[in-house]
Amino acid sequence: MRRIYLDYAATTPTHPLVLKAMLPWFTDGFGNPSSIHSFGQETKGAIEEAREKVAGLVGAESDEIVFTGSGTEADNFAIKGVAYAKEHEGKHIITTAIEHHAVIEPCKFLEKRGFKVTYLSVDRDGLVDLGEVKKAITDETILISVMHANNEIGTIEPIQEIARIAKDREICFHTDAVQTVGHLPVDVDELKVDLVSISAHKFCGPKGVGALYIRKGTRIVPFMHGGEQEHGRRASTQNVPGIVGFGKACQLAQQEMGQEKDRLETLRDKLINGILHRIDHVHLNGHPTQRLPNNVNMTLEFVEGESILLNLDLVGIAASTGSACSSSVLEASHVLLALGLPHESAHSSLRLSLGQETTEKDVDYVLEKLPQIVNKLRAMSPLYKPGGK
Ligand code: PLP
């Protein structure tokens, strides 16, 4: 059976050139980068080369990049690290209701320890209101964290404008750019951000490696304690093959990003318009234009997202829903609820995320199969009445 992967926002396949770059660092290049002998110095050199590539992709200095074990770790490091470094100046953090759990959960953790967190609401398209950011700031605010682009609905936030507001008030600004770095141009000086979370596996790098960009002069408490690795900012013997692969993925992204963005946008729009034309009672979630080039998120009323997913899987299409499975209870997505969608609609959503192997044929196949599946499922729904928009 034909298999089509449309879940690139969850993870991407490792690029063959990334794998090739990694392999020697599992075998001959096994030295501990903290060792002073030649084996260690060789791996240290490889790490520093990779650090330059990661820094180069986001316009940073290489000593502003700290390698982490994931995007989640980078988010936790940024939020808890700044909170604990600045708790004597204030205990208020501003974030949004649509952040990834890697940001929401450390914020909740801090709330239980005496910090106050404001979760900004978003509009119907998922955009943060700049006026609301300004209004939320108090003399106690020490950190603002707003994601660059949302992983479920693809909306791209006005990061530069929010960062300017933070800068005017001398507040540290973090952005979770896990869904944008490697896909869209991200320049830390243009965006005026202090901290940026990055994850390698979202753009054809290996899993289990990420980075936090930390602007020079930003006060942050280390998250991991132990050795002096990463200039004392992240104790742990580094994942050398992972870091080398991460560097290679950054280099490839820099070369291919522009062309790939245009190609994906064309496929994305064909998919969105095709679904809107072929299926009734359907609407797009997320901003119509200010959105990730590879993200399609639709609500298909009167059908359960999970049922669509299982039926798509049966015809070889891998997608995801807007809802997350937690403790074996299916909860509606906090992102879709924050857009103002009722629970039923939030449960009727489907995310298709495209990537480097997606072709126009794949899009045509989805446009052939999805309406058939939705029709079949709706035929079983007592609530469905054909014809509406
Ligand atoms: N932040 C965003 C926006 C994400 O989409 C993800 C992954 O889905 C993460 C953070 C977590 O990254 P990682 O899988 O590297 O822990």
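Where does Leu-23 lie? Select Leu-23 and have a look: you'll find Leu-23 in the loop between helix 1 (16–22) and helix 2 (38–58). Keep in mind as you go that this is a predicted model.

**Stop 1: around Leu-23**

Is Leu-23 buried, exposed or partly exposed? Its relative accessibility is 45%, so Leu-23 counts as partly exposed. Now add Leu-19 and Phe-26 to your selection. Together with Leu-23, they form a nonpolar patch on the surface. The accessible area of Leu-19, Leu-23 and Phe-26 together is about 300 Å².

**Stop 2: the ligand**

Next, click on the ligand and show what is around it. You should count 13 residues surrounding the ligand. The closest are Gly-71, Thr-72, Asp-176, Ser-199 and Lys-202. Colour helix 3 (residues 71–86) too, since this helix gives three residues to the shell around the ligand, the largest share.

Which atoms should you zoom in on? Try these three spots:

- Gly-71: one of its polar backbone atoms is 2.8 Å from an oxygen atom of the ligand.
- Thr-72: here a polar atom of the side chain lies 2.6 Å from a ligand oxygen atom.
- His-201: an N or O atom in its side chain is 2.9 Å from an oxygen atom of the ligand.

Switch on the protein surface while you're here. On its own the ligand would expose 390 Å², and the protein buries 87% of that.

**Stop 3: Arg-219**

Now go to Arg-219, in the loop between strand 8 (210–214) and helix 8 (229–232). Arg-219 has a relative accessible area of 42%, so it is partly exposed.

Which residues does Arg-219 contact, leaving aside its neighbours within four places in sequence? Select Val-82, Ala-85, Lys-86 and Glu-89 to see them. Look harder at Glu-89: its side chain is joined to the side chain of Arg-219 by a polar contact of 2.7 Å.

For a longer view, pick Ile-272 as well. Ile-272 and Arg-219 are 53 residues apart in sequence, and their C-alpha atoms are 44 Å apart in space.

**Stop 4: Thr-321**

Finish at Thr-321, which you'll find in strand 12 (residues 320–321). Is Thr-321 buried or exposed? Thr-321 is buried, because its relative accessible area is 13%, and the cut-off for buried is under 20%.

To see what Thr-321 touches, select Gly-305, Glu-306 and Leu-309, then Ser-349, Leu-350 and Arg-351. That list does not count residues up to four places away from Thr-321 in sequence.

Note on methods
Residues are numbered from 1 along each chain as its sequence is written. This is a predicted model: local features need pLDDT of at least 70, side-chain atom pairs count only at pLDDT 80 or more; totals for chains, interfaces and linings use all residues. Side-chain values use heavy atoms; hydrogens and water are left out. Helices (H or I, at least four residues) and strands (E, at least two) are DSSP runs, numbered from the N terminus. Buried means under 20% relative accessible area, exposed over 50%, partly exposed in between (1.4 Å probe, protein chains only). Contact means heavy atoms within 4.5 Å. A polar contact is a pair of N or O atoms within 3.5 Å; within protein, one must be able to donate a hydrogen and the other to accept it, and residues adjacent in sequence count only if both atoms are side-chain atoms. Patches are made of residues with over 30% relative accessible area and no salt bridge: like charges are joined within 9 Å, nonpolar side chains (Val, Leu, Ile, Met, Phe, Trp, Tyr) within 5 Å. Accessible areas come from the Shrake-Rupley method with a 1.4 Å probe; for residues, only the protein chains shown count as cover. A salt bridge is a side-chain nitrogen of Lys or Arg within 4 Å of a carboxyl oxygen of Asp or Glu. A residue is near a molecule or strand if one of its heavy atoms lies within 4 Å of it.
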